[in-house]
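Hi there,

Here is the structure I promised to pass on to you. Please have it open while you read the notes underneath.

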Amino acid sequence: MIAMHGVQKHFGDLHVLRDIELDVPAGQVVIVLGPSGSGKSTLCRTINRLEPVDEGTIAVDGNPLPSEGKALAALRADVGMVFQSFNLFAHKTIRENVMLGPTKVRKMKKEEAEQTTQRLLERVGIANQADKYPAQLSGGQQQRVAIARALAMNPKVMLFDEPTSALDPEMVNEVLDVMTSLAKEGMTMVVVTHEMGFARRAGDRVIFMADGQIVEDTDPETFFTAPKSDRAKDFLGKILSH
Ligand SMILES: Nc1ncnc2c1ncn2[C@@H]1O[C@H](COP(=O)(O)OP(=O)(O)OP(=O)(O)O)[C@@H](O)[C@H]1O
Ligand SMILES: [Mg+2]
């Protein structure tokens, strides 16, 4: 579903992605871990071309990433992305926020978009908040709206970049629960997260990054119990001692 080969990316002198080789089969849940600045967000952003790469190829569902124009817009629609900050439109209701993509980008008829929106808001547990504005919702609720908004485009892949890091602790689980149910239904997911319980429970695979490289690529159990590299041991030592 995602194929990255020989990917290189620089920001000026900084080599942020080095020789990235990553094949993600359909339905796999990939957890991306690594210290701050190791390139996790940049990796995600290249998958839907929010960041262009200098070298190498990236394909989603067999289609190489187009560089611009209509084909790029279509590809972005295939790849849903959820960030730490929810980026909902403040002056639009929850329902309007979710309906925007299907009507404007997917050109869905209003009635069908309304039904899709209703179904997705029910699914993330906020159908009863549909006519409120984002500021009237808690952070956890807003993030669930952001997930519904991404799903409304009927994506083939979902990217999550620290979706729970900005949330109060008591709201983390309601968002992780939605993500877990998505994973169970077979969505292909790439998830940057510090939630190690979730990583172990919901992940099929862990990618550990350091200095722009994929240093370990293994199953969660092996990663957490028997990391190979010193970088990973050091990283786990720091986070697990909290
Ligand atoms: N637009 C940009 N211009 C210049 N440098 C950037 C840009 N975006 C990221 N970087 C740099 O690239 C490196 C990788 O950044 P990235 O955001 O991918 O790291 P990360 O692993 O997601 O870190 P964190 O855990 O803190 O979110 C960092 O050194 C960062 O400062
Ligand atoms: Mg990041």
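Below are my notes on the ligand site and the two pockets.

Please keep in mind that this is a predicted model.

**Around the ligand**

Let me begin with ligand 1. The residues surrounding it are Phe11, Leu14, Val16, Pro35, Ser36, Gly37, Ser38, Gly39, Lys40, Ser41, Thr42 and Glu162. By class, this shell splits into six polar, four nonpolar and two charged residues.

Three side chains have polar atoms that pair with oxygen atoms of the ligand. For Thr42, a polar side-chain atom sits 2.5 Å from an oxygen of ligand 1. In Ser36, a side-chain N or O atom is 2.6 Å from a ligand oxygen, and for Ser41 the corresponding distance is 2.8 Å. On its own, ligand 1 would expose 640 Å², and the protein buries 58% of that area.

Which elements give two or more residues to the shell around ligand 1? They are strand E2 (14–24) and helix H1 (40–47). Of the elements, H1 gives the most, with three residues.

**The largest pocket**

Next, the pockets. The largest pocket has a volume of about 500 Å³. Its lining is made up of 19 residues, and those nearest the centre are Arg76, Met81, Arg149, Ala150 and Met153. Sorted by class, the lining holds twelve nonpolar, five polar and two charged residues.

Four elements each supply at least two residues of this lining: helix H2 (69–78), strand E6 (79–82), helix H3 (94–105) and helix H5 (139–151). H3 gives the most to the lining of the largest pocket, namely four residues.

**The second largest pocket**

How much space lies in the second largest pocket? The figure is about 180 Å³. Its lining has 15 residues, with Arg119, Leu120, Leu151, Asn154 and Pro155 nearest the centre. Here the split is eight nonpolar, three polar and four charged residues. Helix H4, which spans residues 110–123, gives the most to this lining, with four residues.

If you would like a place to start viewing, try Ser36, Ser41 and Thr42 by the ligand, residues that all belong to its shell. After that, you could turn to Arg76 and Met81, which are among the residues nearest the centre of the largest pocket, and then to Arg119 and Leu120, which are among those nearest the centre of the second largest pocket.

Happy viewing, and do write back with any questions.

Best wishes

Key
Residues are numbered from 1 along each chain as its sequence is written. Chains are lettered from A and ligands numbered from 1 in the order in which they are written. This is a predicted model: local features need pLDDT of at least 70, side-chain atom pairs count only at pLDDT 80 or more; totals for chains, interfaces and linings use all residues. Side-chain values use heavy atoms; hydrogens and water are left out. A residue is near a molecule or strand if one of its heavy atoms lies within 4 Å of it. A polar contact is a pair of N or O atoms within 3.5 Å; within protein, one must be able to donate a hydrogen and the other to accept it, and residues adjacent in sequence count only if both atoms are side-chain atoms. Accessible areas come from the Shrake-Rupley method with a 1.4 Å probe; for residues, only the protein chains shown count as cover. Ala, Val, Leu, Ile, Met, Phe, Trp, Tyr, Cys and Pro count as nonpolar, Asp, Glu, Lys and Arg as charged, and the others, Gly among them, as polar. On a 1 Å grid over the protein atoms alone, a cavity is a set of points where a 1.4 Å probe fits but cannot get out, and a pocket is an open set with protein on both sides within 12 Å along at least five of seven lines; lining residues have an atom within 4 Å of a point. Grid points are joined across faces, edges and corners, and a volume is the space filled by probe spheres set on the points.
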